[in-house]
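Please open the structure in your viewer and keep the selection tool at hand. The tour below goes from one selection to the next and says what is found at each stop.

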Amino acid sequence: MIYSGDSKELLILEELDNINKDILFKSGDTDMTLLWNKGEEMKIMIDKVEYNLNKNDVVFLTEYHKIDSLDLDSVRFLRWNQSFFCPINHDNEVGSKGLLFFGATGVPIVNIIENEIKFLENYWENFSNEMSAKDNLQKDMLQSILKQILIFCARSLKKSANYDRLEKSQVDIIREFNFLVEGHFSKHHDVAFYASKLNKSPKTLSNLFALASNRPPISIIHDRIMLHARRQINYTNLSIKEIAYDLGYEDIQTFSRFFKNKEGVSPIQYREKLKLN
């Protein structure tokens, strides 16, 4: 089922299996994707990393994620472009920035617990019904249901990430940090830059992250740099020197030491391994 508006708004709602899954690989420049695994298991490779999803796991992707392969039984697929709805511009309504989308902490996977599945089922049924409505209120109704789904999933992710032990203002700082890293990781590699943007000291920021997880802010920054580095090596023909410069490293030696410390091999060795696979 497809909704398209007069201003290039697009929303797609489908049930996927191994026969029609190719639609997933045909994304646009501003597309956002929700995949809800309804089968017993699902294997998806994103940026050369394989993720195994259990039943009722929900994964969120943007145009920046490169899907390499997908093996599934049954998946509910929801995709929309930013012309239809932009979570960043409407963050005060859905609270998903830096959490479900455009965060630096990896691929967001939400596990829907058993007694809450019925809520997501109801949202999906409402979506399906509204996709067949053809009147001047359809877009507003579809946006409203999408907002409910995003709020529901953001709440679920906060619970599983131990954010429920934090105050709302503390969670907002973490979300904003993740969003800032996503936008500035290629030029700013130190916690102090992000702390200053948030009007906090680096120590305050580190203490806040320690309350929610065992990942300090510097680890999130470094992991985001590595993700981009691997993507560039995996999917482009850029030289290692060009990749280093693109990531804010003025000399290839510094970048190579950083990469090897994280990956266990140098960038050149990593590229050579890819060629052998």
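## A stop-by-stop tour

Begin by selecting Met-45, whose bridge partner in E7 is Ser-69. The model you are looking at is predicted, and every stop on this tour should be read with that in mind.

**The three-stranded sheet.** Widen the selection from that pair to the two strands, E4 and E7, which pair in the antiparallel sense over 4 bridges. Adding E5 completes an open sheet of 3 strands in the order E5-E4-E7, with antiparallel pairing. E5 and strand E7 (67-71) stand at the edges of this sheet, and because each has a single partner strand, one side of each is left without a neighbour in the sheet. Neighbouring strands here are turned by 15° against each other on average, direction ignored.

**Two loop residues.** Next, select Asp-47, which lies in the loop that joins strand E4 (41-46) to strand E5 (49-54). Its phi is positive, at about 55°, although Asp-47 is not a glycine. Most residues other than glycine have a negative phi. Is Asp-47 buried or exposed? With a relative accessible area of 5%, Asp-47 is buried, since the cut-off for buried is under 20%.

Move on to Asn-56, in the loop between E5 and strand E6 (57-61). Asn-56 also has a positive phi, near 70°, and is a residue other than glycine. At 7% relative accessibility, Asn-56 counts as buried.

**Strand E6.** Continue along the chain into E6 itself, and colour its residues by accessibility if your viewer allows it. How many of the residues of E6 are buried? The count is 5 of the 5, so E6 is largely enclosed by the rest of the structure. Both faces of the strand are covered, with Asp-57, Val-59 and Leu-61 buried on one side and Val-58 and Phe-60 buried on the other.

Now show the partners of E6. Strand E3 (residues 31-37) is joined to E6 by 4 bridges and runs antiparallel to it, and within this pairing Leu-34 has Phe-60 as its bridge partner in E6. Strand E9 (residues 109-111) is joined to E6 by 3 bridges, again in the antiparallel sense, and here the bridge partner of Val-59 is Ile-109 in E9.

**The six-stranded sheet.** Select the whole sheet to which these strands belong: 6 strands form an open sheet in the order E1-E2-E8-E3-E6-E9, and the pairing is antiparallel. At the edges stand strand E1 (2-4) and E9, each with a single partner strand, so one side of each is left without a neighbour in the sheet. The twist from one strand to the next averages 10°.

Elsewhere in this sheet, pick out strand E2 (residues 10-16) and strand E8 (residues 75-81), which pair in the antiparallel sense over 6 bridges. In this pair, Glu-14 stands opposite Phe-77 in E8. Then show helix H2 (residues 117-131), which packs on the sheet and touches E1, E2, E3, E6 and E8, while its direction makes about 120° with that of E2.

**Helices H4 and H7.** Hide the sheets and select helix H4 (residues 168-184) together with helix H7 (residues 217-235), which pack at an angle of about 35° with their axes 10 Å apart. H4 passes H7 in a right-handed crossing. Where they touch, Phe-177, Asn-178, Val-181 and Glu-182 in H4 meet Pro-217, Ile-220, Ile-221 and Arg-224 in H7. By class, this contact has 5 nonpolar, 1 polar and 2 charged residues.

Staying with H4, compare its length with what its residue count would suggest: at 1.5 Å a residue, the 17 residues of H4 should span 24 Å, and its end C-alpha atoms are 24 Å apart, which agrees. The buried residues of H4 include Val-171, Ile-173, Ile-174, Arg-175 and Leu-180. What covers the buried residues of H4 includes helix H1 (91-94), helix H3 (138-160), helix H5 (191-197), helix H6 (202-212) and H7.

**Last stop, Thr-254.** Finally, select Thr-254, which lies in helix H9 (residues 252-263). At 30% relative accessibility, Thr-254 counts as partly exposed. Add Ala-244 to the selection and draw the C-alpha to C-alpha distance: these two residues are 10 residues apart in sequence and 8.7 Å apart in space.

Notes: Residues are numbered from 1 along each chain as its sequence is written. This is a predicted model: local features need pLDDT of at least 70, side-chain atom pairs count only at pLDDT 80 or more; totals for chains, interfaces and linings use all residues. Side-chain values use heavy atoms; hydrogens and water are left out. Buried means under 20% relative accessible area, exposed over 50%, partly exposed in between (1.4 Å probe, protein chains only). Two strands pair if DSSP finds at least two bridges between them. Axes are lines fitted to C-alpha atoms, for helices over the stretch in contact, and angles run from 0 to 180 degrees between N-to-C directions. A crossing is left-handed if the near helix is turned anticlockwise from the far one by less than a right angle, and right-handed if clockwise. Contact means heavy atoms within 4.5 Å. Ala, Val, Leu, Ile, Met, Phe, Trp, Tyr, Cys and Pro count as nonpolar, Asp, Glu, Lys and Arg as charged, and the others, Gly among them, as polar. The expected span of a helix is 1.5 Å times one less than its number of residues.
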